[in-house]
Amino acid sequence: MCLGIPGKVIEIRDDAGLPMGKVDFGGVRKEACLAYLPEVQLGDYVIVHVGFAISRVDEEEALKTLEILATMGDMVRSELATMGPGMDEPTVVSDDGTPATGAFGGAPA
Amino acid sequence: MKYLDEYRDPVLAKKLVAEIHRVTTRPWTLMEVCGGQTHTIVKQGIDEALPSGVRMIHGPGCPVCVTPLEQVDKALAIAARPDVIFTSYGDMLRVPGSSTDLLALKARGADVRIVYSPLDALKIALANPDRQVVFFAVGFETTAPANAMAVAEAARRGIDNFSVLVSHVLVPPAMTALLDSPQNQVQAFLAAGHVCAVMGWTEYEPIAERYRVPIVVTGFEPLDLLEGILMAIRQLEEGRAEVENQYVRAVKREGVPLAQRQIFEVFEVGERKWRGVGEIPASGYRLREPYARFDAERKFDVGEIQTNEHPACIAGAILTGAKLPLDCTAYGTLCTPQKPLGAPMVSSEGTCAAFFSAGRGLGGARSPLPVTPLVQVAPIGRAGVAEAPR
Amino acid sequence: MSVEPEPFAVSDGSSPLTERSGRSADAGATIEPEGVYCPAPIAEGERVILGHGSGGQLSNALLRDVIGPALAAAAPGGPANDAAVVDVAGNRVAFTSDSFVVSPIRFPGGDIGELAVNGTVNDLAMMGAQPLAISLAYVIEEGLPLEELAAITASAAHAAAQAGARIVTGDTKVVGRGAADRLFVNTAGIGLVPDGVAPAADRARPGDAIILSGPIGLHGVAIMSVREGLEFEVEIASDTQALNGLVATMLAVEPGIRVLRDPTRGGLSSSLNEIAASSGVGMVLDEAAIPIPGPVRAACEMLGLDPFHVANEGKLVAIVPADSADTVVAAMRALPEGEGAARIGEVVADHPGMVTIRTIVGSERIVDMLVGEQLPRIC
């Protein structure tokens, strides 16, 4: 339980005694209460659930996870090719909706 | 979107799937407890990509689904009152009570409003001083800090026309109740990532040790789930039973201490009935005495509620993972998301709804999930049926 | 806080997971699913609920079970299309009617006036027709500022001029406070369908290509962002626009376009499911090929909504013979209304009536139709 998504804190202010932040989720901005994460600063990423920041995203750990995944196993392209439908790298869509080229999501894979 | 898109990379996803296949040498049964994880697993077809011996059981991870019928009926009784503005998270609106649901009540003229955050409910209370504003405080531990803050703020600012109908449920007691059941088949758990972000994972260590089950704190994106499943299977294959953290970017062992402190300032642990499952001791929160005046149950004296669960609904068996929706005679026929008989079909996180929306078992030409007979167990909530021998 | 849970004492022979019903297990009894009888389910089908207007399954059920049967004597029957085509002295006239009840009546990217005109023009365009004449009728709630009424009407006029349509008649009614949500708009529109052009919901065939004219979810998210209880800031606007110019270009390149549909309420998945059902075909979509703008995805993530269920207003889906797909897409991309056009899938003979999608994990899952009202969720 569950629906918490990561966003960037772009503003911090006080609202009648409660620290509130404006959080940017990839183009959508919404207020979130920062009361539980006093150490959060502008530019930090937080996980927001029902209008509350419940955790700060640890950027280092996030990158580590992706690195581990990227270097995992010694998969050969041909092995990947035998694994089923949807195998071709899909086209990426940029924010204005037009197709672009490149790895999906632009992750450091 | 940063910190989301990267965890949906299809190339990495396929690598993880391949690695899972590589390390799995025996059949295993895993359970994810969180509805959001169920949603991703079913929507992305993750369980179908796993080796055929690995079975994912979808646990009671949807707090909306497990909200006891009594609480839903109380909510309906309160919302029907003309002096009340009843506020709730969106997904509670279609949960069937004994005879109706909040959305239908709204159609009949009750002032029922969806809010995104409990603080919005407080704002409504401030803006409507002559009405009573009640907030349906549902959720797992993830939502408790928000719900607690609403009550704490109401107290601090003297917002006396505000009250909450509490129906919190806790994950660890549910896990141990499952593990204690003689029918239990689960050998490893994926623990709910955001529950643990708040509470940390110290409560799970004694569980892993006592029951010898691996528990992996897991996130919600496809890569998170695949990695969590991989870590759990590795533990099983190696004979380990520890708590591990896959969701390292968001979860620390101690959780968020300030949030925990706020929760326990406002709430205390108490009994909770889980819809379709029954009473699990010490598995819910209730308001502490100093906050009693914000307890909607006391404020509105809703009296003795006679509940009436639909007899065809096997929610209990679904929620404990004992049965799949495909095993339910009402699934897809009498019971659909349009006309749900029970909670797991209402909430889009519920197992039945997740299955239905992915089209499983609905007789399409491509029905991805083979219908395999499960061990016969007594459907919970049905009258007079018993356990067949295993 | 470390509450160590006590193992549940199983003293009375019952499992911790048994409902407290006081009944004990009967050794030797077995389950007989066939023996379970199902009494009538909760009879909450007696009133119209919001979900009936959502454009999804409930809407279809309302038409099928209540409105359709009641109209039977007067209605021609046949597949549900965006507009009707009636024969008028040898001409094929497209005829459509719509009501607009959006709230708020002014939203990022437009207002109810232009929405109404564009929506009507588009319904005609989906039958291949250029708009000839439109009617505009208002039901106004007492108290609406005159300035707003004037501004919205000017918007409607401007939209009509843009589309080359004329607003030729209308009506105005005023109702008491609370009897209408500020302003309801009803329209009707007529247009001529050219010879040789007959897009219809039941004409999709296996092998055809499915084309989408641009990114989805913009209108619905723009509206939701100003909806009470959910307010959020987002830099997107409703995509409301007239598509008759785009359709004319597409038909010039491929007059044999099989189906045109604008995925409004109910979103992309509802439209595709309806077409699949009407045509008796299946569809397979490619998740990666469907353009969803970042902020739309973000808003849907935040609220727990499915972008495929979110309403659009200036988009269309076209089903065309496979060998003209690329030419059609290229022609679309040359116009601003079609700049994000993309081929998103194909029509298949398998699983008729069902739409599936290839996920990033490589699995295929079914794309469901919206059921009722879209509700934001916490789970």
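**Aromatic contacts in chain B**

**View 1. Tyr331(B) is a buried residue, with a relative accessible area of 8%.** This view, like those that follow, is taken from a predicted model. The helix residue Phe356(B) also counts as buried, because its relative accessibility of 16% falls under the 20% limit.

**View 2. An edge-to-face pair is one of the nine aromatic pairs that the structure holds over all chains.** Its partners are Phe220(B) and Tyr247(B), whose ring centres lie 6.0 Å apart, with 80° between the planes. The pair links distant parts of the chain, since Phe220(B) belongs to the loop between β8 (215-218) and α12 (222-238) of chain B, while Tyr247(B), 27 residues away, belongs to the loop between β9 (243-245) and α13 (257-266) of chain B. Phe220(B) is buried at a relative accessible area of 8%, and Tyr247(B) is likewise buried, at 4%.

**View 3. Tyr331(B) and Phe356(B) form an edge-to-face pair, because their ring planes stand at 85° and their centres are 6.2 Å apart.** Tyr331(B) sits in the loop between α15 (315-319) and α16 (343-346) of chain B, and Phe356(B) in helix α17 (residues 351-357) of chain B, so the contact ties together parts that are 25 residues apart in sequence.

**View 4. One aromatic cluster is made up of Phe264(B), Phe267(B) and Tyr285(B).** The side chains to look for are therefore two phenylalanines, Phe264(B) and Phe267(B), together with the tyrosine Tyr285(B).

**View 5. Arg249(B) lies over the face of Tyr7(B).** The distance of Arg249(B) from the centre of the Tyr7(B) ring is 3.5 Å.

Conventions. Residues are numbered from 1 along each chain as its sequence is written. Chains are lettered from A and ligands numbered from 1 in the order in which they are written. This is a predicted model: local features need pLDDT of at least 70, side-chain atom pairs count only at pLDDT 80 or more; totals for chains, interfaces and linings use all residues. Side-chain values use heavy atoms; hydrogens and water are left out. Rings of Phe, Tyr and Trp (its six-membered ring) pair if their centres lie within 6.5 Å; planes under 30 degrees apart count as stacked, over 60 as edge-to-face and the rest as tilted. Helices (H or I, at least four residues) and strands (E, at least two) are DSSP runs, numbered from the N terminus. Buried means under 20% relative accessible area, exposed over 50%, partly exposed in between (1.4 Å probe, protein chains only). A charge sits over a ring if NZ of Lys or CZ of Arg is within 6 Å of the ring centre and within 35 degrees of the ring normal.
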